[in-house]
Amino acid sequence: MAASMLVLGAGCSVPVAYGLEEGEANGVAVALEHAGVDAQKEVDPKAENRFLVTVARDDASVALGVLRDEGLPRTKPKGVLDAVGQGSLVPSRAAEHAQFLAGLAGDLESTLLGIDGVVSARVHLQVPEPDPLRSAPAEKATASVLVGHRGATPPLANDSVARLIAGGVPGLLVEHVSVVQLARPARAEGAESRLRHVGPLAVAQSSLRPLQLGFGGLILVVLAQAALVLALVAKLSRLRAAAAAPNAGRPA
């Protein structure tokens with residue numbers, strides 16, 4: 001009975017993120033655990049060398065909300081090496097330049113996302129294509145950056161973000177970089193956990209009832225076995241007493 005209850009409790013889990021690299025899966029699991037949602041990282045059976053993260057069925061909606069607020073799992077921006085060479089077999093100079101800018105923006109977004117506290121990042125580059133035959137002054141290069149961060153205080157000041165972007169784009173000046181930062185609510189430290197404790201074990205709230213039933217069944221099994229042992233001992237004592245009674249009345 002106890003084993004069946006535990007199996008039923010363990011089987012009520014659903015995936016909330018899948019097809020992830022191991023580092024991405026670890027990040028998702030850590031974010032959910034920090035929010036008080038019990039999460040398990042498992043091998044994704046549908047994708048080679050990929051992982052998925054599961055939670056209890058009753059916690060699925062909460063887990064999806066946490067992942068939405070945290071911007072997880074993050075879509076990896078395409079870098080220069082991913083962007084260059086895509087498209088037509090004989091791309092034009094304009095197409096190659098656009099692909100290069102898209103890849104460069106992706107690399108800068110990845111750099112921003114690597115900063116602790118940054119949840120999302122978008123970089124838009126407007127860099128004119130170099131033309132050695134053009135006699136008129138070239139148009140100035142500009143950039144627009146949108147950064148989403150956790151908490152009220154951004155991890156990097158606007159001028160620091162502008163210097164980072166300008167340093168990665170040829171011909172781009174710091175004063176031509178526009179930065180907008182959006183604050184997202186900070187994680188509630190010390191918030192009431194959704195985990196419940198049964199003795200030394202910490203389990204998800206949805207698994208609490210099956211686990212309690214399992215422990216209850218196990219206790220009933222132990223009590224039944226103890227009662228059976230006591231009954232056997234009592235019966236053995238009576239048999240011994242009955243066997244010793246006739247011998248007690250005989251002369252020595």
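Strands here are DSSP runs of E at least two residues long, numbered from the N terminus. In this predicted model, that numbering puts aspartate 44 in the loop between β2 (39-43) and β3 (51-56).

Aspartate 44 makes a good place to start. The residue is buried, yet it has no salt bridge. Lysine 46 is the nearest side chain of opposite charge, and it sits 6.8 Å away. A salt bridge would need a side-chain nitrogen of Lys or Arg within 4 Å of a carboxyl oxygen, so lysine 46 doesn't qualify. The backbone of lysine 46 is another matter: the side chain of aspartate 44 reaches its nitrogen at 3.0 Å. Leaving aside residues up to four places away in sequence, aspartate 44 also touches Tyr18 and Gly19, along with Arg50, Phe51 and Leu52.

Further along the chain comes a sheet. Three strands make it up, in the order β4-β5-β6; the sheet is open and its pairing is mixed. The edge positions go to β4 (118-126) and β6 (177-184), and because each has a single partner strand, one side of each is left without a neighbour in the sheet. Direction ignored, neighbouring strands are turned by 10° against each other on average.

The mixed pairing shows up strand by strand. β4 and β5 (residues 142-150) run antiparallel and are joined by eight bridges. Within this pair, serine 120 stands opposite glycine 148 of β5, while histidine 124 has serine 144 as its bridge partner in β5. On the other side, β5 and β6 run parallel, again with eight bridges between them. Here arginine 150 is found opposite arginine 184 in β6.

Two helices come up against these strands. Helix α3 (residues 60-70) packs on the sheet and touches β4, β5 and β6, with its direction at about 155° to that of β6. Helix α5 (residues 93-113) lies across β4 and β5, and runs at about 155° to β4.

The loop between α3 and α4 (80-83) holds threonine 75. With a relative accessibility of 70%, threonine 75 counts as exposed, in contrast to the buried aspartate 44. Threonine 75 can also be placed relative to the sheet through serine 120: the two residues are 45 apart along the chain, and their C-alpha atoms are separated by 9.9 Å. Serine 120 is the residue already met opposite glycine 148.

Definitions and conventions. Residues numbered from 1 in each chain as written. Predicted model: local features only at pLDDT ≥ 70, side-chain atom pairs only at ≥ 80, totals over all residues. Heavy atoms only, no water. Pairing = 2+ DSSP bridges. Helix = DSSP H or I, 4+ residues; strand = E, 2+ residues; numbered from the N terminus. Axes fitted to C-alpha atoms, helices over the stretch in contact; angles between N-to-C directions. Contact = heavy atoms within 4.5 Å. Buried < 20%, exposed > 50% of the residue type's maximum accessible area, 1.4 Å probe, protein only. Lys, Arg positive; Asp, Glu negative; His and termini not counted. Polar contact = N/O pair within 3.5 Å; in protein donor to acceptor, adjacent residues only side chain to side chain.
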